[in-house]
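Visitor: Could you walk me through this model, with the cut-offs spelled out along the way?

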Amino acid sequence: VIHVHRYEVGLLAIKLKREYNILYVVTEHSSRFLYETMSKKEISIARKVFLHANVCIAVSKNLADKLKEIFEVSFQYLPNVVDTSFFKKKKELTKNTLFSFFTAGSLDVNKNHKMLIDAFYLFHQKHPNSLLCIAGEGPLKSSLISQIEKLGLVESVELVGKLERQQM
């Protein structure tokens, strides 16, 4: 079985399926479908890939619903997984424990860090012993810094730039 992540490489999976009878599964991650920013050519390729796949998966419920609406193909929802051998949950939390949020991704419109910072602001009002750490680089960095300053979150929100896996 071939597992394709994102439709862009699906044409090769179709070819291998036809020539060698190898089944393929496609997991779609791209939020570009949600924002309807795909060209007609991209939609055409995606349609072909999804129609020929043995199973179609999307990494969010909203994305699964949108893809089903666009392509009239059933999509199963399977969220991105967390490697629990690498990321460990703290065993004990106390009232004085700093509650930390972490996210990593390109600082662009698709990742919507603006909404995350707004949501964190509301959380932080009730839980001032909290921190938001955002890893990544991108075109919205300066506007996010301005938003953090405007909301008075300079001490509670960190933009740490691009990090390697071990640093995260």
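Guide: Happily; we will take the salt bridges, then the pocket, then the strands.

Guide: This is a predicted model, in which local features need pLDDT of at least 70, side-chain atom pairs count only at pLDDT 80 or more, and totals for chains, interfaces and linings use all residues. Residues are numbered from 1 along each chain as its sequence is written, and side-chain values use heavy atoms, with hydrogens and water left out.

Visitor: How many salt bridges does a search of the whole structure find?
Guide: Side chains of opposite charge can pair when their charged atoms come close. Here the criterion is a side-chain nitrogen of Lys or Arg within 4 Å of a carboxyl oxygen of Asp or Glu. Searching the whole structure with it gives a count of eight.

Visitor: How far apart in sequence are the parts that E42 and R32 tie together?
Guide: The closest N and O atoms of E42 and R32 are 2.8 Å apart, which makes a salt bridge. Helices (H or I, at least four residues) and strands (E, at least two) are DSSP runs, numbered from the N terminus. E42 lies in helix 2 (residues 40-52) and R32 in the loop between strand 2 (24-28) and helix 2, so the parts joined are separated in sequence by 10 residues.

Visitor: Is E42 buried, partly exposed or exposed?
Guide: Buried means under 20% relative accessible area, exposed over 50%, and partly exposed in between (1.4 Å probe, protein chains only). E42 has 22% relative accessibility, and its partner R32 also has a value of 22%. That places E42 in the class partly exposed.

Visitor: Which helix holds both D118 and K114?
Guide: Their side chains meet in a salt bridge at 3.3 Å, N to O. The two residues are four apart, about one turn of the helix, and the element in question is helix 4 (residues 113-126).

Visitor: Which residue forms a salt bridge with K141?
Guide: The closest N and O atoms of this pair are 3.8 Å apart. K141 is partly exposed at 30% relative accessibility, and the partner is partly exposed at 39%. That partner is E137.

Visitor: Which element gives the most to the lining of the largest pocket?
Guide: On a 1 Å grid over the protein atoms alone, a pocket is an open set of points where a 1.4 Å probe fits, with protein on both sides within 12 Å along at least five of seven lines; lining residues have an atom within 4 Å of a point. The largest pocket has a volume of about 700 Å³, taken as the space filled by probe spheres set on the points, which are joined across faces, edges and corners. Of its 24 lining residues, the closest to the centre are S31, T103, N110, K111 and N112. The top contributor, with four residues, is strand 5.

Visitor: How many residues of strand 6 are buried?
Guide: S130, L132 and I134 point one way from strand 6, while L131, C133 and A135 point the other way. Strand 6 (residues 130-135) is largely enclosed by the rest of the structure, because the number buried is six of the six.

Visitor: What is the bridge partner of T103 in strand 6?
Guide: Strands pair if DSSP finds at least two bridges between them. Strand 5 and strand 6 do so in the parallel sense over six bridges. Within strand 6, T103 is matched with I134.
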